[in-house]
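Q: Please take a close look at one helix pair in this model, and set it in the context of the whole chain.

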Amino acid sequence: MSPDLPPVLAERLPALRSAAQAEPLGLYLHIPFCLDRCTYCSFTTTRDRELQPATIRRLISQVQAWGEALGCPRVDTLYLGGGTPSLLTPAELAELTAAVRGAFDLSPLREATFEANPGTVDLAWLQQARALGWDRVSLGVQALDDGLLGRLGRIHGEAQALEALDLAGRAGFHRRSADLMVGIPGQSLAKVVEDARVLAATGIDHLSIYLLDLDKACPLRADIDAGRLSLPSEDEVADVFEALQDALPGLGLAPYEISNYARPGAESIHNTRYWERRPYLGLGPSAASQLGAFRWTESAVIPAWADGRGALDVQELDAAEILAEIPLLGLRLHRGVAWGALRGEADARHLRPLCDGWEARLHDLAKEGLVVWEGDQVRLSPRGMLLSNGILQMFV
């Protein structure tokens, strides 16, 4: 057994290998480095670039170890997230890509995405990434307002964000996604909708709309708590989401998940696998994996992770937890959940009363206009999407 494979998972390896061989995996690689830390960020990141060489070496070692341990499983989606993956040197990107190709079977690969900060990319780097086989880029635009971007601690401005999208197109990326954030202090509804229109006009094929999340300690949270800044009200945020739901389809970007819009056929295949509860392997500090009934998260302490000393958080889900995650995740998708298939899963797991209880509650919500039943297919209504956090609590 490779020393890079965590001992706590070694005893579970037969079950993990069986799950990894059953269908193609998604492979997520976490790059935790940033030039600066955004004021709202609670992700596992660092500005200490001196850690980068050792971290990338360990990541490559993990890729090789897991590829061998799982029997060179098939992978149909790759995702390089962060942090700021676009801070990888050309040599690091090439070496990491080669390691993935050597350790996993990429013959069924359908999508290879990397995240990028608009303030860190140039044409040569993007061209190299495209030549290495990466075919989709997700740019963290967040807003097209220099004042709001400064408040968020972003290192780019509006012009640089639009330039980065143009550079990605010139480098050969036909699949380009942008992030837009809602709920920033001082942000107006009209400005969010206008930013979405401008981004759509660049020809992007995907737009992710994220609500500013300040549930963990960060500088922006401290400013809010001290009264120096104030967040928009829940009603104001709901108005923005409703306005975007109305405006974006007319711009060619149809909703397919609570926070995501795409042109036909341009939905994120990798992210959709999470909502469909399909298997994935995550490598890197704080990365999460799910294979069969097992889920684990890598250490978020970057130096310890790079040295192989970080502890894993491993969970084995029981039958009821696995069943509950199907509607918990699937109802985020606009197409909803095939409830007849879920009933079949419940019967196979001897959990039909649990499923029947959910079904009764969803029928009650349908009377309130929050849920739509179409035969045995159930989905959230547009209003239900706005109230999804409360509705989905029934499955937790």
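How many helices and strands does the chain have, and at what angle do helix H3 and helix H4 pack?

A: The model is a predicted one. Its chain has 17 helices and 15 strands. The radius of gyration is 21 Å, close to the 21 Å that the globule rule gives for 396 residues, so the chain is as compact as a globular protein of that length. Measured out along the principal axes, the span of the C-alpha trace is about 55 × 55 × 45 Å.

Within this chain, helix H3 covers residues 52-69 and helix H4 covers residues 90-103. The two pack at an angle of about 10°, and their axes lie 8 Å apart. Angles under 35 degrees count as roughly parallel, and H3 and H4 are therefore roughly parallel to each other. On the H3 side, the contact is made by Gln52, Pro53, Ile56, Leu59, Ile60, Val63, Gln64 and Gly67. H4 contributes Glu92, Glu95, Leu96, Ala99, Val100 and Ala103. Sorted by class, the contact of H3 with H4 has nine nonpolar, three polar and two charged residues.

Back at the level of the chain, buried residues make up 52% of the 396 residues. The chain exposes about 16,500 Å², of which carbon and sulfur atoms supply 51%. As for contacts along the sequence, take those between residues at least 6 apart: 71% of them join residues at least 24 apart.

Conventions. Residues are numbered from 1 along each chain as its sequence is written. This is a predicted model: local features need pLDDT of at least 70, side-chain atom pairs count only at pLDDT 80 or more; totals for chains, interfaces and linings use all residues. Side-chain values use heavy atoms; hydrogens and water are left out. Axes are lines fitted to C-alpha atoms, for helices over the stretch in contact, and angles run from 0 to 180 degrees between N-to-C directions. Helices (H or I, at least four residues) and strands (E, at least two) are DSSP runs, numbered from the N terminus. Angles under 35 degrees count as roughly parallel, over 145 as roughly antiparallel, 65 to 115 as roughly perpendicular and the rest as oblique. Contact means heavy atoms within 4.5 Å. Ala, Val, Leu, Ile, Met, Phe, Trp, Tyr, Cys and Pro count as nonpolar, Asp, Glu, Lys and Arg as charged, and the others, Gly among them, as polar. The radius of gyration is taken over C-alpha atoms; the globule rule is 2.2 Å times the number of residues to the power 0.38. Buried means under 20% relative accessible area, exposed over 50%, partly exposed in between (1.4 Å probe, protein chains only). Accessible areas come from the Shrake-Rupley method with a 1.4 Å probe; for residues, only the protein chains shown count as cover.
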